[in-house]
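This report describes the architecture of a single protein chain, with attention to helix packing and to selected residues. The sequence and structure are shown first.

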Amino acid sequence: MVDRPPAAGAAPTVLVGGTTAATPSEVPTATAGPELHEGDTSMARRSRGRALVAGIASSLAGKAVGLVAPLLITPIAFGYLGAERYGMWMAITSLTAMALFADFGLGNGLLTRLSRLYATGERRAAAREIASAYAVLGALAVALLLVLLVAVRLVPWSALLNVADPVVARDARAVVLLCFGAFLVNIPLALIQRVQYAHQQVAQSNLWQAAGSLGSAGLVVAAVATDASPALVIAAAVLAVPLMNLANSICYFGWQQPAFRPRVKDVRAPVARGLLRLGSRFFGLSLLSSIALNLDGFLVGRVLGLHAAANYAVILRMFAVLALFVTLVNLPLWPANGEALARGDVGWVRRSTRRMVYLSAAAVTLPALCLVLSGNDILQFWVRSDDLEQVPTPLFAALAVWSILVAVAAPLFMVQNSIGLLGPQFVGWAACLVVAVPLKILLAGRGGLSGVALASALSYGVTVLPAAVVGYRKALASVPAKRSNSIEMEHDGEYTPRHRRSPA
(Lines give C-alpha, C1' and ligand atoms only; values in the text may rest on other atoms or scores of the structure.)
Protein backbone atom coordinates (compact mmCIF):
# COMPACT_ATOMS: atom_id res chain seq x y z
CA MET A 1 0.00 0.00 0.00
CA VAL A 2 1.32 3.43 -0.86
CA ASP A 3 1.31 5.32 2.41
CA ARG A 4 1.96 8.73 0.83
CA PRO A 5 3.06 10.00 -2.57
CA PRO A 6 6.79 9.42 -2.91
CA ALA A 7 9.15 12.20 -3.81
CA ALA A 8 9.88 12.69 -7.47
CA GLY A 9 12.17 9.95 -8.71
CA ALA A 10 12.08 8.09 -5.41
CA ALA A 11 11.08 4.46 -5.06
CA PRO A 12 7.56 4.04 -3.69
CA THR A 13 7.14 3.00 -0.10
CA VAL A 14 5.16 -0.14 0.62
CA LEU A 15 3.04 -0.65 3.70
CA VAL A 16 3.77 -3.98 5.33
CA GLY A 17 1.87 -5.14 8.39
CA GLY A 18 0.27 -1.74 8.89
CA THR A 19 3.49 0.27 8.86
CA THR A 20 5.51 1.91 6.15
CA ALA A 21 8.66 0.04 5.21
CA ALA A 22 11.35 0.86 2.73
CA THR A 23 11.60 -1.02 -0.51
CA PRO A 24 13.47 -4.36 -0.44
CA SER A 25 16.62 -2.93 -1.93
CA GLU A 26 16.93 -0.63 1.07
CA VAL A 27 15.82 -2.81 4.00
CA PRO A 28 15.45 -6.40 2.85
CA THR A 29 14.71 -7.70 6.33
CA ALA A 30 11.56 -5.65 6.98
CA THR A 31 9.26 -8.32 5.66
CA ALA A 32 11.34 -11.42 6.11
CA GLY A 33 9.97 -14.70 7.26
CA PRO A 34 11.60 -17.48 9.27
CA GLU A 35 14.46 -19.48 7.89
CA LEU A 36 13.14 -22.47 5.92
CA HIS A 37 14.90 -25.58 4.72
CA GLU A 38 13.85 -27.25 1.49
CA GLY A 39 11.83 -29.91 3.34
CA ASP A 40 10.03 -27.26 5.36
CA THR A 41 9.18 -25.38 2.18
CA SER A 42 7.75 -28.48 0.52
CA MET A 43 5.69 -29.32 3.57
CA ALA A 44 4.38 -25.74 3.82
CA ARG A 45 3.44 -25.79 0.14
CA ARG A 46 1.52 -29.06 0.46
CA SER A 47 -0.32 -27.83 3.53
CA ARG A 48 -1.08 -24.51 1.87
CA GLY A 49 -2.32 -26.22 -1.28
CA ARG A 50 -4.63 -28.55 0.63
CA ALA A 51 -6.04 -25.65 2.62
CA LEU A 52 -6.59 -23.66 -0.57
CA VAL A 53 -8.48 -26.48 -2.32
CA ALA A 54 -10.58 -27.16 0.76
CA GLY A 55 -11.26 -23.44 1.14
CA ILE A 56 -12.45 -23.03 -2.45
CA ALA A 57 -14.70 -26.10 -2.29
CA SER A 58 -16.19 -25.15 1.07
CA SER A 59 -16.70 -21.53 -0.05
CA LEU A 60 -18.80 -22.68 -2.98
CA ALA A 61 -20.74 -25.20 -0.90
CA GLY A 62 -21.27 -22.74 1.93
CA LYS A 63 -22.50 -20.02 -0.40
CA ALA A 64 -24.88 -22.48 -2.05
CA VAL A 65 -26.37 -23.17 1.37
CA GLY A 66 -26.45 -19.44 2.08
CA LEU A 67 -28.42 -18.85 -1.11
CA VAL A 68 -30.83 -21.76 -0.61
CA ALA A 69 -31.69 -20.92 3.01
CA PRO A 70 -33.34 -17.54 2.21
CA LEU A 71 -35.26 -19.23 -0.61
CA LEU A 72 -36.67 -21.64 1.97
CA ILE A 73 -37.44 -18.90 4.47
CA THR A 74 -39.07 -16.41 2.08
CA PRO A 75 -42.38 -18.17 1.27
CA ILE A 76 -42.82 -19.32 4.87
CA ALA A 77 -42.09 -15.90 6.38
CA PHE A 78 -44.08 -14.01 3.74
CA GLY A 79 -47.16 -16.16 4.26
CA TYR A 80 -46.94 -15.98 8.05
CA LEU A 81 -46.07 -12.30 8.47
CA GLY A 82 -48.20 -10.89 5.67
CA ALA A 83 -47.18 -8.57 2.87
CA GLU A 84 -46.94 -5.32 4.85
CA ARG A 85 -45.06 -6.70 7.85
CA TYR A 86 -42.71 -8.67 5.60
CA GLY A 87 -42.16 -5.57 3.45
CA MET A 88 -41.34 -3.54 6.56
CA TRP A 89 -38.80 -6.16 7.60
CA MET A 90 -37.17 -6.14 4.15
CA ALA A 91 -37.04 -2.32 4.13
CA ILE A 92 -35.20 -2.32 7.45
CA THR A 93 -32.89 -5.09 6.24
CA SER A 94 -31.99 -3.00 3.20
CA LEU A 95 -30.85 -0.23 5.56
CA THR A 96 -28.49 -2.60 7.36
CA ALA A 97 -27.19 -3.82 3.99
CA MET A 98 -26.08 -0.25 3.27
CA ALA A 99 -23.79 -0.46 6.32
CA LEU A 100 -21.82 -3.54 5.27
CA PHE A 101 -18.56 -1.62 5.74
CA ALA A 102 -19.37 -0.87 9.38
CA ASP A 103 -16.13 -2.47 10.61
CA PHE A 104 -14.24 0.23 8.67
CA GLY A 105 -12.09 -2.39 6.96
CA LEU A 106 -10.56 -3.54 10.23
CA GLY A 107 -11.50 -7.16 9.54
CA ASN A 108 -9.55 -7.11 6.28
CA GLY A 109 -6.64 -5.43 8.01
CA LEU A 110 -6.62 -8.13 10.68
CA LEU A 111 -6.71 -10.85 8.01
CA THR A 112 -3.68 -9.35 6.25
CA ARG A 113 -1.58 -8.98 9.39
CA LEU A 114 -2.52 -12.32 10.95
CA SER A 115 -1.68 -14.19 7.72
CA ARG A 116 1.87 -12.91 7.98
CA LEU A 117 2.16 -13.71 11.69
CA TYR A 118 0.83 -17.21 11.05
CA ALA A 119 3.80 -17.81 8.74
CA THR A 120 6.40 -16.32 11.09
CA GLY A 121 5.00 -18.20 14.11
CA GLU A 122 4.74 -15.10 16.29
CA ARG A 123 1.87 -16.22 18.49
CA ARG A 124 2.16 -13.47 21.09
CA ALA A 125 2.05 -10.79 18.42
CA ALA A 126 -0.96 -12.52 16.83
CA ALA A 127 -2.74 -12.59 20.19
CA ARG A 128 -2.18 -8.84 20.55
CA GLU A 129 -3.58 -8.20 17.07
CA ILE A 130 -6.68 -10.28 17.79
CA ALA A 131 -7.29 -8.75 21.21
CA SER A 132 -6.84 -5.21 19.89
CA ALA A 133 -9.20 -5.84 16.97
CA TYR A 134 -11.91 -7.19 19.27
CA ALA A 135 -11.43 -4.24 21.63
CA VAL A 136 -11.83 -1.67 18.86
CA LEU A 137 -14.86 -3.29 17.21
CA GLY A 138 -16.40 -4.18 20.57
CA ALA A 139 -16.22 -0.56 21.68
CA LEU A 140 -17.64 0.54 18.32
CA ALA A 141 -20.54 -1.92 18.60
CA VAL A 142 -21.39 -0.77 22.13
CA ALA A 143 -21.35 2.89 21.09
CA LEU A 144 -23.57 2.22 18.07
CA LEU A 145 -25.97 0.13 20.19
CA LEU A 146 -26.40 3.11 22.54
CA VAL A 147 -27.13 5.32 19.52
CA LEU A 148 -29.63 2.72 18.32
CA LEU A 149 -31.47 2.70 21.64
CA VAL A 150 -31.89 6.46 21.43
CA ALA A 151 -32.89 6.37 17.76
CA VAL A 152 -35.48 3.65 18.35
CA ARG A 153 -37.29 5.95 20.78
CA LEU A 154 -36.91 9.24 18.92
CA VAL A 155 -37.42 8.29 15.26
CA PRO A 156 -41.05 7.73 14.08
CA TRP A 157 -40.21 4.46 12.36
CA SER A 158 -43.72 3.53 11.29
CA ALA A 159 -44.07 6.86 9.45
CA LEU A 160 -40.54 6.67 8.04
CA LEU A 161 -41.20 3.18 6.70
CA ASN A 162 -44.65 4.20 5.45
CA VAL A 163 -46.50 1.52 7.43
CA ALA A 164 -50.26 1.84 6.96
CA ASP A 165 -51.61 -0.99 9.14
CA PRO A 166 -51.72 0.20 12.81
CA VAL A 167 -51.16 -3.37 14.05
CA VAL A 168 -47.99 -3.67 11.98
CA ALA A 169 -46.93 -0.17 12.98
CA ARG A 170 -46.82 -1.23 16.65
CA ASP A 171 -44.08 -3.73 15.79
CA ALA A 172 -41.93 -1.27 13.86
CA ARG A 173 -39.68 -0.27 16.76
CA ALA A 174 -39.20 -3.87 17.88
CA VAL A 175 -38.23 -4.98 14.37
CA VAL A 176 -35.81 -2.04 13.99
CA LEU A 177 -34.20 -2.91 17.32
CA LEU A 178 -33.90 -6.59 16.38
CA CYS A 179 -32.48 -6.08 12.88
CA PHE A 180 -30.04 -3.30 13.68
CA GLY A 181 -29.16 -4.80 17.08
CA ALA A 182 -28.26 -8.17 15.52
CA PHE A 183 -26.25 -6.40 12.83
CA LEU A 184 -24.25 -4.33 15.34
CA VAL A 185 -23.61 -7.23 17.72
CA ASN A 186 -22.31 -9.25 14.79
CA ILE A 187 -19.65 -6.64 13.90
CA PRO A 188 -17.13 -7.90 16.50
CA LEU A 189 -18.46 -11.47 16.47
CA ALA A 190 -17.76 -11.79 12.73
CA LEU A 191 -14.02 -11.29 13.37
CA ILE A 192 -13.77 -15.02 14.07
CA GLN A 193 -14.16 -15.61 10.34
CA ARG A 194 -11.14 -13.43 9.57
CA VAL A 195 -9.09 -15.14 12.28
CA GLN A 196 -9.88 -18.58 10.85
CA TYR A 197 -9.16 -17.42 7.30
CA ALA A 198 -5.80 -16.01 8.38
CA HIS A 199 -4.89 -19.37 9.94
CA GLN A 200 -5.99 -21.05 6.68
CA GLN A 201 -8.94 -22.75 8.37
CA VAL A 202 -11.21 -21.54 5.58
CA ALA A 203 -13.22 -24.75 5.33
CA GLN A 204 -13.97 -24.68 9.05
CA SER A 205 -15.09 -21.05 8.86
CA ASN A 206 -17.31 -21.75 5.85
CA LEU A 207 -18.95 -24.70 7.60
CA TRP A 208 -19.87 -22.48 10.54
CA GLN A 209 -21.29 -19.85 8.19
CA ALA A 210 -23.35 -22.48 6.39
CA ALA A 211 -24.58 -23.72 9.75
CA GLY A 212 -25.68 -20.16 10.55
CA SER A 213 -27.74 -20.00 7.37
CA LEU A 214 -29.33 -23.38 8.04
CA GLY A 215 -29.90 -22.44 11.67
CA SER A 216 -31.73 -19.30 10.59
CA ALA A 217 -34.02 -21.31 8.32
CA GLY A 218 -34.62 -23.94 10.99
CA LEU A 219 -35.47 -21.39 13.69
CA VAL A 220 -37.91 -19.59 11.40
CA VAL A 221 -39.67 -22.84 10.54
CA ALA A 222 -39.83 -23.76 14.25
CA ALA A 223 -41.16 -20.32 15.21
CA VAL A 224 -43.88 -20.48 12.57
CA ALA A 225 -44.77 -24.06 13.51
CA THR A 226 -45.25 -23.05 17.14
CA ASP A 227 -47.39 -20.04 16.16
CA ALA A 228 -44.89 -17.56 17.64
CA SER A 229 -45.40 -13.81 17.49
CA PRO A 230 -44.27 -12.02 14.31
CA ALA A 231 -41.45 -10.29 16.20
CA LEU A 232 -40.17 -13.65 17.43
CA VAL A 233 -40.18 -15.05 13.88
CA ILE A 234 -38.08 -12.12 12.70
CA ALA A 235 -35.80 -12.51 15.73
CA ALA A 236 -35.25 -16.17 14.79
CA ALA A 237 -34.16 -15.11 11.32
CA VAL A 238 -31.79 -12.28 12.26
CA LEU A 239 -30.20 -13.63 15.46
CA ALA A 240 -29.12 -17.02 14.12
CA VAL A 241 -25.97 -15.73 12.40
CA PRO A 242 -24.52 -13.74 15.35
CA LEU A 243 -25.36 -16.63 17.69
CA MET A 244 -23.54 -19.05 15.39
CA ASN A 245 -20.52 -16.70 15.24
CA LEU A 246 -20.58 -16.59 19.04
CA ALA A 247 -20.63 -20.38 19.23
CA ASN A 248 -17.80 -20.56 16.70
CA SER A 249 -15.75 -18.07 18.74
CA ILE A 250 -16.30 -20.02 21.97
CA CYS A 251 -15.22 -23.29 20.35
CA TYR A 252 -12.22 -21.75 18.63
CA PHE A 253 -10.82 -19.63 21.44
CA GLY A 254 -12.03 -21.93 24.22
CA TRP A 255 -10.72 -25.29 22.95
CA GLN A 256 -8.95 -25.09 19.62
CA GLN A 257 -6.70 -22.06 20.07
CA PRO A 258 -6.83 -20.81 23.67
CA ALA A 259 -3.49 -19.02 23.17
CA PHE A 260 -5.25 -16.60 20.80
CA ARG A 261 -8.17 -15.94 23.14
CA PRO A 262 -8.84 -12.15 23.28
CA ARG A 263 -7.68 -10.85 26.66
CA VAL A 264 -7.68 -7.32 28.01
CA LYS A 265 -3.99 -7.58 28.91
CA ASP A 266 -3.13 -8.20 25.26
CA VAL A 267 -4.83 -5.04 23.99
CA ARG A 268 -2.28 -2.52 22.72
CA ALA A 269 -3.15 1.01 21.63
CA PRO A 270 -0.33 1.16 19.01
CA VAL A 271 -1.46 -2.18 17.56
CA ALA A 272 -5.05 -0.92 17.41
CA ARG A 273 -3.90 2.25 15.65
CA GLY A 274 -1.93 0.20 13.14
CA LEU A 275 -4.98 -1.96 12.43
CA LEU A 276 -7.15 1.12 12.02
CA ARG A 277 -4.67 2.69 9.61
CA LEU A 278 -4.56 -0.42 7.46
CA GLY A 279 -8.30 -1.01 7.85
CA SER A 280 -9.14 2.54 6.84
CA ARG A 281 -7.34 1.96 3.55
CA PHE A 282 -9.33 -1.21 2.90
CA PHE A 283 -12.46 0.73 3.86
CA GLY A 284 -11.67 3.53 1.44
CA LEU A 285 -10.92 1.06 -1.34
CA SER A 286 -14.21 -0.77 -0.70
CA LEU A 287 -16.16 2.47 -0.90
CA LEU A 288 -14.40 3.57 -4.08
CA SER A 289 -14.91 0.25 -5.88
CA SER A 290 -18.51 0.01 -4.66
CA ILE A 291 -19.31 3.43 -6.11
CA ALA A 292 -17.66 2.56 -9.41
CA LEU A 293 -19.54 -0.74 -9.67
CA ASN A 294 -22.97 0.44 -8.53
CA LEU A 295 -23.35 3.76 -10.34
CA ASP A 296 -24.90 2.24 -13.45
CA GLY A 297 -28.47 2.21 -12.17
CA PHE A 298 -28.43 5.93 -11.47
CA LEU A 299 -26.72 6.82 -14.76
CA VAL A 300 -29.05 4.66 -16.86
CA GLY A 301 -32.09 6.09 -15.10
CA ARG A 302 -30.94 9.64 -15.80
CA VAL A 303 -29.95 9.08 -19.44
CA LEU A 304 -32.30 6.37 -20.69
CA GLY A 305 -35.15 6.45 -18.17
CA LEU A 306 -36.29 4.31 -15.23
CA HIS A 307 -37.79 1.63 -17.45
CA ALA A 308 -34.38 1.01 -19.03
CA ALA A 309 -32.76 1.15 -15.59
CA ALA A 310 -35.10 -1.60 -14.35
CA ASN A 311 -34.29 -3.82 -17.33
CA TYR A 312 -30.55 -3.24 -16.93
CA ALA A 313 -30.70 -4.03 -13.21
CA VAL A 314 -32.35 -7.39 -13.92
CA ILE A 315 -29.71 -8.27 -16.51
CA LEU A 316 -26.88 -7.30 -14.13
CA ARG A 317 -28.33 -9.64 -11.50
CA MET A 318 -27.45 -12.63 -13.66
CA PHE A 319 -23.88 -11.49 -14.22
CA ALA A 320 -23.55 -10.60 -10.53
CA VAL A 321 -23.71 -14.33 -9.84
CA LEU A 322 -20.54 -14.77 -11.90
CA ALA A 323 -18.82 -11.98 -9.97
CA LEU A 324 -19.85 -13.63 -6.70
CA PHE A 325 -18.41 -16.92 -7.91
CA VAL A 326 -15.10 -15.21 -8.71
CA THR A 327 -14.94 -13.71 -5.21
CA LEU A 328 -15.71 -17.01 -3.49
CA VAL A 329 -13.12 -18.93 -5.48
CA ASN A 330 -10.32 -16.41 -4.99
CA LEU A 331 -10.85 -15.24 -1.39
CA PRO A 332 -8.98 -18.23 0.13
CA LEU A 333 -5.93 -17.06 -1.86
CA TRP A 334 -5.65 -13.97 0.37
CA PRO A 335 -4.34 -15.69 3.54
CA ALA A 336 -2.48 -18.35 1.57
CA ASN A 337 -0.55 -15.67 -0.34
CA GLY A 338 0.15 -13.76 2.87
CA GLU A 339 1.63 -16.83 4.52
CA ALA A 340 3.65 -17.76 1.42
CA LEU A 341 5.09 -14.28 0.93
CA ALA A 342 6.00 -14.02 4.61
CA ARG A 343 8.06 -17.19 4.09
CA GLY A 344 9.58 -15.74 0.90
CA ASP A 345 7.94 -18.45 -1.20
CA VAL A 346 7.38 -16.19 -4.21
CA GLY A 347 7.48 -19.12 -6.63
CA TRP A 348 4.39 -20.70 -5.09
CA VAL A 349 2.53 -17.40 -5.28
CA ARG A 350 3.41 -17.00 -8.96
CA ARG A 351 2.26 -20.51 -9.84
CA SER A 352 -0.93 -20.45 -7.80
CA THR A 353 -1.86 -17.00 -9.11
CA ARG A 354 -1.30 -18.07 -12.70
CA ARG A 355 -3.42 -21.18 -12.18
CA MET A 356 -6.19 -19.22 -10.48
CA VAL A 357 -6.24 -16.69 -13.31
CA TYR A 358 -6.77 -19.52 -15.80
CA LEU A 359 -9.28 -21.28 -13.56
CA SER A 360 -11.31 -18.13 -12.84
CA ALA A 361 -11.38 -17.07 -16.47
CA ALA A 362 -12.33 -20.56 -17.70
CA ALA A 363 -15.00 -21.01 -15.04
CA VAL A 364 -16.62 -17.67 -15.94
CA THR A 365 -16.28 -17.96 -19.71
CA LEU A 366 -18.57 -20.96 -20.13
CA PRO A 367 -21.60 -19.59 -18.22
CA ALA A 368 -20.98 -16.16 -19.76
CA LEU A 369 -21.20 -17.70 -23.24
CA CYS A 370 -24.42 -19.45 -22.22
CA LEU A 371 -25.86 -16.09 -21.22
CA VAL A 372 -24.80 -14.57 -24.54
CA LEU A 373 -26.48 -17.37 -26.48
CA SER A 374 -29.55 -18.00 -24.30
CA GLY A 375 -29.81 -14.96 -22.04
CA ASN A 376 -33.23 -13.85 -23.27
CA ASP A 377 -34.74 -17.30 -22.74
CA ILE A 378 -33.28 -17.43 -19.21
CA LEU A 379 -34.64 -13.97 -18.42
CA GLN A 380 -38.13 -14.78 -19.65
CA PHE A 381 -38.20 -18.01 -17.66
CA TRP A 382 -36.91 -16.25 -14.55
CA VAL A 383 -38.78 -12.93 -14.57
CA ARG A 384 -41.94 -13.83 -16.55
CA SER A 385 -42.92 -10.22 -17.22
CA ASP A 386 -44.10 -8.46 -20.36
CA ASP A 387 -42.29 -5.32 -19.20
CA LEU A 388 -38.94 -7.00 -19.75
CA GLU A 389 -37.69 -6.04 -23.19
CA GLN A 390 -35.75 -8.23 -25.61
CA VAL A 391 -32.05 -7.87 -24.78
CA PRO A 392 -29.70 -7.37 -27.74
CA THR A 393 -26.83 -9.84 -28.04
CA PRO A 394 -24.12 -7.10 -27.92
CA LEU A 395 -25.34 -6.20 -24.41
CA PHE A 396 -24.85 -9.77 -23.18
CA ALA A 397 -21.50 -9.98 -25.00
CA ALA A 398 -20.16 -6.79 -23.40
CA LEU A 399 -21.15 -7.92 -19.90
CA ALA A 400 -19.59 -11.33 -20.60
CA VAL A 401 -16.29 -9.64 -21.48
CA TRP A 402 -16.53 -7.52 -18.33
CA SER A 403 -17.09 -10.66 -16.21
CA ILE A 404 -14.03 -12.37 -17.71
CA LEU A 405 -11.87 -9.29 -17.04
CA VAL A 406 -13.04 -9.30 -13.40
CA ALA A 407 -12.15 -12.99 -13.16
CA VAL A 408 -8.64 -12.36 -14.51
CA ALA A 409 -7.98 -9.46 -12.13
CA ALA A 410 -9.26 -11.10 -8.94
CA PRO A 411 -6.29 -13.42 -8.24
CA LEU A 412 -3.89 -10.52 -8.86
CA PHE A 413 -5.71 -8.43 -6.28
CA MET A 414 -5.49 -11.25 -3.72
CA VAL A 415 -1.69 -11.04 -3.86
CA GLN A 416 -1.74 -7.30 -3.22
CA ASN A 417 -4.31 -7.58 -0.43
CA SER A 418 -2.20 -10.21 1.31
CA ILE A 419 0.54 -7.64 2.07
CA GLY A 420 -1.67 -4.55 2.25
CA LEU A 421 -0.46 -3.09 -1.05
CA LEU A 422 -3.56 -1.09 -1.99
CA GLY A 423 -2.08 1.93 -3.77
CA PRO A 424 -2.34 0.52 -7.32
CA GLN A 425 -5.92 -0.53 -6.67
CA PHE A 426 -6.84 2.98 -5.53
CA VAL A 427 -5.33 4.38 -8.71
CA GLY A 428 -7.11 1.82 -10.88
CA TRP A 429 -10.58 2.29 -9.37
CA ALA A 430 -10.27 6.08 -9.27
CA ALA A 431 -9.26 6.10 -12.93
CA CYS A 432 -12.12 3.72 -13.71
CA LEU A 433 -14.60 6.09 -12.13
CA VAL A 434 -13.20 9.08 -14.03
CA VAL A 435 -13.22 7.22 -17.36
CA ALA A 436 -16.44 5.22 -16.95
CA VAL A 437 -18.92 7.98 -16.09
CA PRO A 438 -18.50 10.17 -19.20
CA LEU A 439 -17.94 7.12 -21.42
CA LYS A 440 -21.18 5.49 -20.22
CA ILE A 441 -23.14 8.70 -20.73
CA LEU A 442 -21.68 9.09 -24.23
CA LEU A 443 -22.22 5.48 -25.33
CA ALA A 444 -25.65 5.27 -23.69
CA GLY A 445 -26.85 8.04 -25.98
CA ARG A 446 -25.47 6.24 -29.04
CA GLY A 447 -26.00 2.55 -28.24
CA GLY A 448 -28.51 2.42 -25.42
CA LEU A 449 -27.96 -0.25 -22.76
CA SER A 450 -25.45 -2.03 -24.99
CA GLY A 451 -23.35 1.13 -25.00
CA VAL A 452 -23.42 1.25 -21.18
CA ALA A 453 -22.27 -2.37 -20.95
CA LEU A 454 -19.53 -1.76 -23.52
CA ALA A 455 -18.35 1.26 -21.53
CA SER A 456 -18.18 -0.89 -18.39
CA ALA A 457 -15.95 -3.44 -20.10
CA LEU A 458 -13.74 -0.83 -21.78
CA SER A 459 -13.25 1.31 -18.67
CA TYR A 460 -12.43 -1.74 -16.52
CA GLY A 461 -10.06 -3.11 -19.14
CA VAL A 462 -8.03 0.10 -19.53
CA THR A 463 -7.90 1.13 -15.86
CA VAL A 464 -8.52 -1.56 -13.23
CA LEU A 465 -6.94 -4.52 -15.04
CA PRO A 466 -3.63 -2.72 -15.77
CA ALA A 467 -3.58 -1.54 -12.14
CA ALA A 468 -4.05 -5.16 -11.05
CA VAL A 469 -1.07 -6.27 -13.15
CA VAL A 470 1.16 -3.41 -11.96
CA GLY A 471 0.22 -3.98 -8.32
CA TYR A 472 0.80 -7.72 -8.63
CA ARG A 473 4.31 -7.21 -9.99
CA LYS A 474 5.09 -4.60 -7.36
CA ALA A 475 3.89 -6.93 -4.61
CA LEU A 476 6.14 -9.77 -5.76
CA ALA A 477 9.08 -7.43 -6.27
CA SER A 478 8.77 -6.23 -2.67
CA VAL A 479 9.33 -9.74 -1.29
CA PRO A 480 12.72 -11.38 -2.02
CA ALA A 481 12.39 -15.12 -2.43
CA LYS A 482 13.51 -17.54 0.32
CA ARG A 483 14.83 -14.96 2.72
CA SER A 484 16.48 -16.12 5.89
CA ASN A 485 15.82 -13.21 8.21
CA SER A 486 13.27 -13.01 10.94
CA ILE A 487 11.01 -10.33 12.33
CA GLU A 488 9.05 -9.80 15.45
CA MET A 489 6.16 -7.58 16.43
CA GLU A 490 7.42 -5.14 19.03
CA HIS A 491 5.28 -3.64 21.79
CA ASP A 492 4.23 -0.77 19.52
CA GLY A 493 2.70 -3.14 16.99
CA GLU A 494 5.20 -2.43 14.20
CA TYR A 495 7.37 -4.91 12.35
CA THR A 496 11.09 -4.50 13.03
CA PRO A 497 14.10 -6.70 12.23
CA ARG A 498 14.92 -9.10 15.03
CA HIS A 499 18.31 -10.22 13.76
CA ARG A 500 20.19 -10.65 10.56
CA ARG A 501 21.80 -13.79 9.31
CA SER A 502 23.62 -14.74 6.19
CA PRO A 503 21.42 -16.43 3.62
CA ALA A 504 21.22 -20.16 4.12
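## Cysteines and basis of the model

Searching the whole structure for disulfides, defined as pairs of cysteine sulfur atoms within 2.5 Å, returns zero. The model is a predicted one, in which local features need pLDDT of at least 70 and side-chain atom pairs count only at pLDDT 80 or more, while totals for chains, interfaces and linings use all residues. Residues are numbered from 1 along each chain as its sequence is written, and side-chain values use heavy atoms, with hydrogens and water left out.

Burial is stated by relative accessible area: buried means under 20%, exposed over 50%, and partly exposed in between, with a 1.4 Å probe and protein chains only. Cys 432 is buried because its relative accessibility is 5%. Cys 251, by contrast, has a relative accessible area of 28% and is therefore partly exposed.

## Overall composition

The protein chain contains 17 helices and four strands. These elements are DSSP runs numbered from the N terminus, with helices (H or I) of at least four residues and strands (E) of at least two. Of the 504 residues in the protein chain, 48% are buried.

A contact denotes heavy atoms within 4.5 Å. Among contacts in the protein chain with a separation of 6 or more, 81% join residues 24 or more positions apart.

## Helix pairs H3/H4 and H8/H9

Two packed helices are described by the angle between their axes and the distance between the axes. Axes are lines fitted to C-alpha atoms, for helices over the stretch in contact, and angles run from 0 to 180 degrees between N-to-C directions. Angles under 35 degrees count as roughly parallel, over 145 as roughly antiparallel, 65 to 115 as roughly perpendicular and the rest as oblique. For residue classes, Ala, Val, Leu, Ile, Met, Phe, Trp, Tyr, Cys and Pro are nonpolar, Asp, Glu, Lys and Arg are charged, and the others, Gly among them, are polar.

H3 packs with helix H4 (residues 123-154) at about 175°, the axes being 10 Å apart. The two helices are therefore roughly antiparallel to each other. On the H3 side the contact is made by Leu 106, Leu 110, Arg 113, Leu 114 and Leu 117, and on the H4 side by Ala 125, Ala 126, Glu 129, Ile 130, Ala 133, Val 136 and Leu 137. The contact of H3 with H4 comprises 10 nonpolar, no polar and two charged residues.

Helix H8 (residues 191-198) and helix H9 (residues 202-225) have axes 7 Å apart and an angle of about 155°, so H8 is roughly antiparallel to H9. H8 contributes Gln 193, Gln 196 and Tyr 197, and H9 contributes Val 202, Gln 204, Ser 205, Asn 206, Trp 208 and Gln 209. By class, this contact of H8 with H9 has three nonpolar, six polar and no charged residues.

## Helix pair H14/H16

Helix H14 (residues 333-342) packs with helix H16 (residues 393-419) at an angle of about 55°, with an axis separation of 8 Å; H14 is therefore oblique to H16. Leu 333, Trp 334, Asn 337, Gly 338 and Leu 341 of H14 meet Pro 411, Met 414, Val 415, Asn 417, Ser 418 and Ile 419 of H16. Seven nonpolar, four polar and no charged residues form this contact of H14 with H16.

## Helix H12 and its neighbours

Within helix H12 (residues 296-304), the buried residues are Asp 296, Leu 299, Val 300 and Gly 301. The buried residues of H12 pack against helix H11 (269-294), helix H13 (306-330) and helix H17 (423-477). Gly 305, just after H12, has a positive phi of about 105°.

## Selected residues

Phe 180 belongs to helix H7 (residues 172-189) and is buried because its relative accessibility is 18%. Leaving aside residues up to four places away in sequence, Phe 180 touches Ile 92, Leu 95, Thr 96 and Leu 148. Phe 180 and Thr 96 are 84 residues apart in sequence, with a C-alpha to C-alpha distance of 6.5 Å. Gly 347, in helix H15 (residues 346-383), is partly exposed at a relative accessible area of 26%.

Two loop residues other than glycine have positive phi: Phe 104, near 55°, and Gln 200, about 60°. Phe 104 lies between helix H2 (83-97) and helix H3 (106-120) and is partly exposed at 42% relative accessibility. Gln 200 lies in the loop between H8 and H9 and is buried at 13% relative accessibility.
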